[in-house]
Amino acid sequence: MTTTDAHSDKPIVRALNVTKAFHSNEVLKGIDLDVHEGQVVCLLGPSGSGKTTFLRCINQLETIDGGRIWVDGDLMGYDDREGQLHRLTEKRIAEQRREIGMVFQRFNLFPHKTAVENVMEAPIHVKGVDKKTARAEALALLERVGLGDHCDHFPAQLSGGQQQRVAIARALAMKPKLMLFDEPTSALDPELVGEVLAVMRELARDGMTMVVVTHEMAFARGVADKVVFMDAGVVVESGDPRDVIDRPQHERTKSFLSRVH
Ligand code: ADP
């Protein structure tokens, strides 16, 4: 699949009635979401509405309290035997997480490794890929994010935008089925935001399935197949960005959009 208008009907993410609380704070109050292969879904909403928590639940950085999440047909975190849920072993959970790439607000690159070494790290140590192959693939990925000539730079020698592009290449190195982005541009100086969004746009065009928490409305409007507006742990409305962003139906969405536009 190479174009965004050729999405398959295969759900890569299916979340049903997901709930999560931190002590008495109910952060997710029954979230449903379907993301089909090749789709880009943007999660929008005010700070504290549960977007990051939901993203972290998808790849099991958080354990959900109720509901279910499947990624590419795999029930995340649990084995469903005759209607009884059994928690998977940590090893199995780690295997499930390997299929999902995640890019954070802060890039968290290894400071003592060069760009190419950062990208090679997981394929070698987690997947057992040989060093030569891992290096060749890492160089190709750095080329893809526009950093072919920065492969031997250390993080401190790169701008925030360049570091974030290395972080994207590093996530892609594991050949994920799904990429999760948690406000990937919000820690960047404004002039560096565009280069990161351009890489994400390119990835979307290449057919990567993506869930993106962002406040970048132009990106959501231009790239997302679907936007989901969350507030206080619920999905208030979701659908085509031209509907939700340009013709919001709910007061909460209208009020949020009037603040971020
Ligand atoms: P958003 O991404 O929409 O800004 P978050 O998912 O980050 O929202 O946060 C939703 C709520 O969950 C907030 O009230 C936040 O304080 C709380 N929260 C998030 N992570 C934790 C945690 N690890 N422990 C306790 N509370 C948390």
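**Exercise 1. Leaving aside its neighbours within four places in sequence, which residues is Thr53 in contact with?** Then work out whether Thr53 is buried or exposed.

*Solution.* A quick word before we start: this is a predicted model.

Step 1: find Thr53, which sits in helix H1.

Step 2: skip everything within four places in sequence, and the contacts of Thr53 that remain are Lys20, Phe22, Val27, Leu28 and Glu62.

Step 3: check the accessibility. Buried means under 20% relative accessible area. Thr53 comes in at 13%, so it counts as buried.

**Exercise 2. Which residues of H1 are buried, and what follows H1?**

*Solution.* Step 1: go along the helix and pick out the buried residues, which are Lys51, Thr53, Phe54, Leu55, Cys57 and Ile58.

Step 2: put that in proportion. Because 6 of the 8 residues of H1 are buried, the helix is largely enclosed by the rest of the structure.

Step 3: step off the end of the helix. H1 is followed by Gln60, which has a positive phi, near 65 degrees.

**Exercise 3. Which residues surround the ligand, and which element supplies the largest share of the shell?**

*Solution.* Step 1: list the shell. Around the ligand you'll find Phe22, Asn25, Val27, Pro46, Ser47, Gly48, Ser49, Gly50, Lys51, Thr52 and Thr53.

Step 2: sort them by type, and you get 3 nonpolar, 7 polar and 1 charged.

Step 3: ask where they come from. Strand S2 (25–36) and helix H1 (51–58) each give at least two residues to the shell. The largest share, 3 residues, belongs to H1.

**Exercise 4. How many Å is an oxygen atom of the ligand from a polar backbone atom of Gly48, and which N or O atom contact does Lys51 make with the ligand?**

*Solution.* Step 1: start with the backbone. A polar backbone atom of Gly48 lies 2.7 Å from an oxygen atom of the ligand. For Gly50, again using a polar backbone atom, the distance to a ligand oxygen is 3.0 Å.

Step 2: move on to a side chain. In Lys51, a side-chain N or O atom is 2.7 Å from an oxygen atom of the ligand.

Step 3: look at the cover. On its own the ligand has 560 Å² of accessible area, and the protein covers 60% of that.

**Exercise 5. Where is Ser49 found, and how far apart are Ser49 and Met230 in sequence and in space?**

*Solution.* Step 1: place the residue. Ser49 belongs to the loop between strand S3 (40–44) and H1.

Step 2: check its exposure. With 1% relative accessibility, Ser49 counts as buried.

Step 3: compare the two distances. Ser49 and Met230 are 181 residues apart in sequence, yet their C-alpha atoms are 6.1 Å apart in space.

Step 4: add the other partners. Beyond four places in sequence, Ser49 is in contact with Val27, Met230, Asp231, Ala232 and Gly233. Its side chain also reaches the backbone oxygen of Pro46, at 2.7 Å.

**Exercise 6. Which residues of helix H3 are buried, and what covers them?**

*Solution.* Step 1: scan H3, residues 115–125, for the buried ones: Ala115, Val116, Asn118, Val119, Met120 and Pro123.

Step 2: find the cover, which includes helix H4 (131–144) and helix H5 (160–172).

Step 3: look at Thr114, in the loop between strand S8 (100–103) and H3. Thr114 is buried too, with a relative accessible area of 7%. Apart from neighbours within four places in sequence, Thr114 is in contact with Cys151, Asp152, His153 and Phe154.

Conventions. Residues are numbered from 1 along each chain as its sequence is written. This is a predicted model: local features need pLDDT of at least 70, side-chain atom pairs count only at pLDDT 80 or more; totals for chains, interfaces and linings use all residues. Side-chain values use heavy atoms; hydrogens and water are left out. A residue is near a molecule or strand if one of its heavy atoms lies within 4 Å of it. A polar contact is a pair of N or O atoms within 3.5 Å; within protein, one must be able to donate a hydrogen and the other to accept it, and residues adjacent in sequence count only if both atoms are side-chain atoms. Accessible areas come from the Shrake-Rupley method with a 1.4 Å probe; for residues, only the protein chains shown count as cover. Helices (H or I, at least four residues) and strands (E, at least two) are DSSP runs, numbered from the N terminus. Ala, Val, Leu, Ile, Met, Phe, Trp, Tyr, Cys and Pro count as nonpolar, Asp, Glu, Lys and Arg as charged, and the others, Gly among them, as polar. Buried means under 20% relative accessible area, exposed over 50%, partly exposed in between (1.4 Å probe, protein chains only). Contact means heavy atoms within 4.5 Å.
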